[in-house]
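Trainee: I'd like a close look at one helix and the spaces around it. Could you walk me through that part slowly, and then show me whatever else is worth a look?

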Amino acid sequence: MLYTTAIAATTCPALAVPSTQMAVASDAPSSAVHPQQWPEVAYPQVLTASGEAHVRALLARMSVEQKVGQIIQADIGSVTPQDVRKFHLGSVLNGGNSGPGGNDLAPARDWLVLADAFYAASMESTPAIPIIWGTDAVHGHSNIVGATLFPHNVGLGAARDPGLIERIGQITAIEIRVTGQEWTFAPTVTVPQDYRWGRAYEGYSSDPALVASYVGSMIRGLQGPPSTAPILAGPHVAASTKHFLADGATIDGKDQGDATVSELELRLIHGAPYIPAMENGVATVMTSFSSWQGVKIAGHKGLVTDILKERMNFGGFVVTDWNAHGQVAGCSNASCPVAANAGIDMFMAPDSWRALYASTLAEVKDGTIPMARLDDAVMRVLRVKQRLGLFAAGKPSARAYSGRYGLLGAPEHRAVAREAVRKSLVLLKNTGILPLKPQSHILVAGDGADDIARQSGGWTLSWQGTGLDNSDFPGATSLWRGIEQNVAAAGGSAELAPDGDYKERPDAAIVVFGETPYAEFQGDIPSLQLRPELRRPFATMRKLKAAGIPVVAVMITGRPLFVNEALNEADAFVTVWLPGSEGAGVADLMFARQDGRATFDFQGRLPTAWPATARHDGPTLFPFGYGLTYADGPQPWKTLSQDSHVGDDGGTGGVYFDKGRTAASWSLTVSKADGGDPLRVTTVPATGLSGRASINATDHTVQESARQFVIAADPDGAAIEINAQNAVDLSRETNGDVMLLATMRLDAPPTAPVSMSVRCDGSDCGRPLHLPEFSAMMPGQWRVLGVPLKCFAATGADMARITAPFRLDTRGSLNFSLSRVALGGGVEADVVAKCATD
């Protein structure tokens, strides 16, 4: 594989490569490493001699039970302060869908109250060791309602401004301190190479030099410059670079997949950001879910211990990702001595912590995990707590910045976020229409114009960034509101019409379109293109152009995608990435002043190449670093080919049925409970089961976007199933908090119990789950029923070999409608199944 951009020698001298194209796959593939070939880095001194002595004295007083507790981290949705006290747990975290009292939209005060409770519980042991709380503040304090939301990293990479990155880190740290946390799982320093990967937007760039140039700035912003002064003495928190290593290099861009790159590429491309991370004293490093050469990183001693800790001299502690230890060969979520012995210092065991604590304690006592390895892990955790100043900081609510809720989304913070939006936008096309005259009548169309959740993307209030509306973002500004305010201030007018059907003929139209929010699992796509339903604004552009109205296309996206049709239709095309809460930053760049000159010019440049087709390995349309400015003037345009070269598959692997149709390669069937008398539903109306089952079209979001099933009772029963010939592996999704989500309407109460199950390829697939929640739904109302995938696994289903992710069984009469079946987060469910079995 060829890389056209080299690591700048001035940034990473130990990793310098020629500026010409370089083949980086020259050494033989192997999971063995050669530490002497990696750069040796000087990790800064961050503890005083007295601080180190305090840590050692604490270790000498700790029981083995206390030591084991320190290396285990539990999710706040699965642990109580009483648990922390009893098991001496060293850390808690809030996952993407976790919040105080089970409410991930809880007010800021509730977060601080809970932080105090966990702290108090941790201090009741002897010796007293304060707990540390980790949170995914990845683009601002993004779990908290009202916090400032910055552009996701892909947009910041386009800005080319390390100084801005440091200011963003400083603001994020202050807002974290308001609610009582001390540790963020940021920055993400991945170097994505395949943008089909659903986490690619968390990386600054596909160019290692650009990523490396940002790492030190963000770490200094979050932690402050490395020194022996306590981190919490300033407006700072502990940082964590992630995900070590090469999560951006997996085959086909599969999340949690395998990177088969050579060690040379691993070092030069994916290892580059860890040099400035070590130089700036990053407090923690999170290992990746993924593998290198078939070996899971969390169990790879060569990478974690031999290279990161010993060669690169990392002085903090290493934490796993969410239950990632359970994916290591020979391990489970409940037990993984392999990871501990490989060099893991803290297990992120969100819901598996209790069993893991018991097994780890037993493994230490029987020598499977040597006491010296446990002591090293505990010492590293204690050193970070000492470096933070936790032992002298007092309870979270007594610390500086705590409870100053006015700092969440403060005007000065939002101003920096708005600046970041302006600097991140990339102008790909301008035939002369931009900048627009704000004194005009401006039409704002497209389905993404007035949607703050959509412009903020994943990892925003909820894990996937879904299930939200504008009321969940107090103080934030949608793209539409920013445009409306800008135009009104200049004496013009604006009209919002998502479908482009205006009431007053506009002088120009802005059409906002693009991706909907996603995070890990859900964000992986088979090809670099939008799903078909997200391309509907292209028709709006054509309609407006046919009416003689100039069109500016504005694309919300976490990655470059094949959108040649929109590029051809529009007179100007702006990529705004995932701008966050300050949508007005988009309007800042698109309108002129009274004198006709632009207030700000575009400075964003592509952080990775833009594709000419939907193939991940296809030709490039716009190269890395491309971006027009107003100073460039109008540019001629040559019509682009609209052949994607891959067909129309813009869906994700996690959607099985939507708007009345199954996804490619999936089938909808109705059969007897034993599989007899099967009917494959391809068209409606349809009749099956010897006449006792009828399937018809019905309406949900649009006309005929759902299917209604009316089935008469019979001792042979009936099964409604979505299935495929080839099995899919849902083990990764099961490991997380992913649910099977069925959007359905009960049209009449069932006359017998209804159960749900999955089918597996060639193996027993466990017991059916009772669904009293289904029968209890109010007839006539559309609801989203969520069933955790873990529930199927708990019944014995082999989640790595699923041929039918959805199956309903009953022997009674059944009358219901089905609109969608997909994977997603719990926040999207109206009703969550309790997962009871016989």
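Mentor: Sure, let's begin right where helix H6 starts: a side-chain oxygen of aspartate 161 comes to within 3.2 Å of the backbone nitrogen of glycine 163. Keep in mind that what you're looking at is a predicted model.

Now follow H6 along its length. The helix has 17 residues, and at 1.5 Å a residue they should span 24 Å; the C-alpha atoms at its ends are 25 Å apart, so the expected span and the model agree. Just past the helix you'll meet glycine 180, which has a positive phi, near 95 degrees.

How many residues of H6 are buried? The count is 12 of 17, so you can call the helix mostly covered, taking buried to mean under 20% relative accessible area. Among the buried ones are Leu164, Ile165 and Ile168, and Glu175 and Arg177 are on that list too. What lies over them? The cover includes helix H4 (108–122), H5, strand E6 (183–184), H7 and helix H15 (411–424).

H6 also has a part in a hollow. The second largest cavity holds about 90 Å³ of space. It is lined by 16 residues, and the closest to its centre are Ala137, Val138, His139, Thr172 and Met218. You've got a link back to the helix here, as Thr172 is also one of the buried residues of H6. Three elements give two or more residues to this lining: helix H5 (153–159), helix H6 (162–178) and helix H7 (208–223). H6 gives the most, with three residues. By class, the lining has 11 nonpolar residues, five polar and no charged.

Let's put that beside the other spaces. The model has 11 cavities of 30 Å³ or more, and the largest holds about 210 Å³. Its lining is made of 21 residues, with Gly96, Trp322, Trp459, Trp463 and Glu520 the closest to the centre. Here the classes come out as nine nonpolar, six polar and six charged.

Then there's the largest pocket, with a volume of about 1,200 Å³. It is lined by 42 residues, and Thr466, Thr516, Arg531, Arg820 and Glu828 are the closest to its centre. Helix H16 (452–456), strand E22 (655–658), strand E30 (739–748) and strand E35 (814–824) each give two or more residues to this lining. The one that gives the most is E35, with five residues. As for class, you'll find 13 nonpolar, 15 polar and 14 charged residues around the pocket.

Back to the chain after H6, where a backbone detail is waiting. Most peptide bonds are trans, and most residues other than glycine have a negative phi. Against that background, look at the bond between alanine 186 and proline 187: it is cis, with omega about 5 degrees. Proline 187 sits in the loop between E6 and H7. Another cis bond joins leucine 434 and proline 435, with omega about 0 degrees. You'll find proline 435 in the loop that runs between strand E14 (426–430) and strand E15 (441–445).

The phi rule has its exceptions here too. Glutamine 256 is not a glycine, yet its phi is positive, about 65 degrees. It sits in the loop between strand E7 (240–244) and strand E8 (258–259). Is glutamine 256 buried or exposed? Its relative accessibility is 6%, so it counts as buried. Histidine 645, also not a glycine, has a positive phi of about 70 degrees, and its place is the loop between strand E21 (620–622) and E22. With a relative accessible area of 48%, histidine 645 is partly exposed.

One last stop: threonine 557, in the loop between strand E18 (551–556) and helix H19 (564–569). Its relative accessible area is 0%, so threonine 557 is buried. Which residues does it touch, leaving aside neighbours within four places in sequence? They are Glu515, Thr575, Trp577 and Leu578. Take leucine 578: it is 21 residues from threonine 557 in sequence, but C-alpha to C-alpha the two are 5.9 Å apart in space. And the side chain of threonine 557 reaches the backbone oxygen of arginine 559 at 2.6 Å.

Conventions
Residues numbered from 1 in each chain as written. Predicted model: local features only at pLDDT ≥ 70, side-chain atom pairs only at ≥ 80, totals over all residues. Heavy atoms only, no water. 1 Å grid on protein atoms, 1.4 Å probe; cavity = no way out; pocket = protein on both sides within 12 Å on 5 of 7 lines; lining within 4 Å. Points joined across faces, edges and corners; volume = space filled by probe spheres on them. Nonpolar A, V, L, I, M, F, W, Y, C, P; charged D, E, K, R; others polar. Helix = DSSP H or I, 4+ residues; strand = E, 2+ residues; numbered from the N terminus. Expected span 1.5 Å × (residues − 1). Buried < 20%, exposed > 50% of the residue type's maximum accessible area, 1.4 Å probe, protein only. Contact = heavy atoms within 4.5 Å. Polar contact = N/O pair within 3.5 Å; in protein donor to acceptor, adjacent residues only side chain to side chain.
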